[in-house]
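Me: Could you take a close look at one part of this model for me? I'd like a connected walk through a single helix and what goes on around it.

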Amino acid sequence: SIAPFAVFPALCEETGNPFYGEKTKEIARWLIDEAPRTSGGAFEHTVTEQASFSEQIWADTVFMAVLFLARAARLLGDRRMAGEALEQACLHLRALQDEKSGLLFHGWNCAAGNWMSAALWNRANAWNAAAVPMILEEAEDLCDDAGLPDEVKSRYRRLAEGLLAAQNESGLWPTVLDRPSYYEETSGSAGIAFGLYKAARRGLVPASALGAADRALSAVLGKIGEDGAAGGVSGGTPVLASVEAYNEVPIFPTLYGQGLTLLLLSEALNRG
């Protein structure tokens, strides 16, 4: 529900229109003071549809809401917002990270105390691979708790190691990361590669990770049709009932598929 506001801080700076700054402050304060939270303090995953995911933490939220909060913190110079953004990133990584592989499960149910279907979903990992370096870039210097960025960075490095180990020879990642025979998914692969490029540029991961990002870039480019549509993108995916169900999600072009592909291409250009 918060994702559309992610561009408002940039629009405020680009246009000088105070509406965008005022709305950024309003929504950021709502997130801090009113947004539904789990018993552990993490933002509950919420959507625009009439649906409730009480006590559920989803990996998607880090990109969809926490990134906005970090951008709001930088625009407004607000230390409280910066600290909350890093705290939320940390809470999500703690709850979702598989201690063995470093990869992230799609969701965690705080009430039931489990990862529900326990799927290491490709795009869930991509949302975090992409968002965490951007969140650190926006909020780290404003955060008063030095330990928070350190834990986020440490967990991100473990995530990156797991992603590097799960990459297929094609350069793409399967739609469930520990199921290499499942179909390869483009949007998540683009988001992961974008994150590796950005994290390597910021020194969060070793420069050796760039090779994996380069392979993914080449594979993603091969998925772009003459009309500019990124192919091989799975449809909208809530936390599903089983791991096997993720391999049945239909494939078709989507706006988030275009967006993650554009993020990858822009970061590759930044690399020069």
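Reply: Here is a look at one helix, then its packing partner, and then some other spots along the chain.

Keep in mind that this is a predicted model. Let's start with α5, the helix that covers residues 122-139. Does its length add up? What we can ask is how far apart the end C-alpha atoms of α5 are. They are 26 Å apart, and since 18 residues at 1.5 Å a residue should also span 26 Å, the two values agree. There is a bend to look at along the way, though: α5 has a kink of about 30 degrees at A131, and the proline P133 follows shortly after that kink.

How enclosed is α5? Of its 18 residues, 17 are buried, so the rest of the structure largely encloses this helix.

One of the elements to look at next to α5 is α3, made of residues 60-76. In general, a pair of packed helices is described by two values, the angle between the axes and the distance between them. For α3 and α5, the angle is about 15 degrees and the axes are 9 Å apart. An angle under 35 degrees counts as roughly parallel, so that is the label for α3 and α5. Their crossing is left-handed. On the α3 side, the contact is made by D60, V62, F63, M64, V66, L67, A70, R71 and R74. On the α5 side, W127, N128, A130, A131, V132, M134, I135, E138 and A139 take part. Notice A131 in that list: the residue at the kink is also part of the contact with α3.

Now follow α3 to another neighbour. T24 is found in helix α2, residues 18-33, and its contacts include F68, A72, L75 and L76, while α3 runs over residues 60-76. T24 also touches F8 and P9. With a relative accessible area of 0%, T24 is buried.

The loops on the way in are worth a glance too. Most residues other than glycine have a negative phi. E55 goes the other way, with a positive phi near 65 degrees. E55 sits in the loop between α2 and β1, and at 19% relative accessible area it counts as buried, because the cut-off is under 20%. A118 has a positive phi as well, near 60 degrees, and lies in the loop between β2 and α5. Unlike a buried residue, A118 counts as partly exposed, at 33% relative accessibility.

Strand β2, residues 107-109, holds G107. This glycine is buried, at 1% relative accessibility. G107 touches I57, W58, L96, N114, W115, M116 and V239; I57 and W58 fall in β1, which covers 56-58. G107 and R37 are 70 residues apart in sequence, and their C-alpha atoms are 14 Å apart in space.

For a contrast with the α3 and α5 pair, try α6 (residues 147-166) and α7 (residues 186-201), whose axes come within 11 Å and cross at roughly 130 degrees. That angle makes α6 and α7 oblique to each other. Their crossing is left-handed. Here Y156, A160, L163 and L164 of α6 meet I192, G195, L196 and A199 of α7.

Notes. Residues numbered from 1 in each chain as written. Predicted model: local features only at pLDDT ≥ 70, side-chain atom pairs only at ≥ 80, totals over all residues. Heavy atoms only, no water. Helix = DSSP H or I, 4+ residues; strand = E, 2+ residues; numbered from the N terminus. Expected span 1.5 Å × (residues − 1). Bend = angle between axes of the 7 residues up to and from the residue. Buried < 20%, exposed > 50% of the residue type's maximum accessible area, 1.4 Å probe, protein only. Contact = heavy atoms within 4.5 Å. Axes fitted to C-alpha atoms, helices over the stretch in contact; angles between N-to-C directions. Parallel < 35°, antiparallel > 145°, perpendicular 65-115°, else oblique. Left-handed = near helix turned anticlockwise from the far one by under 90°. Lists of a residue's contacts leave out its neighbours within four places in sequence.
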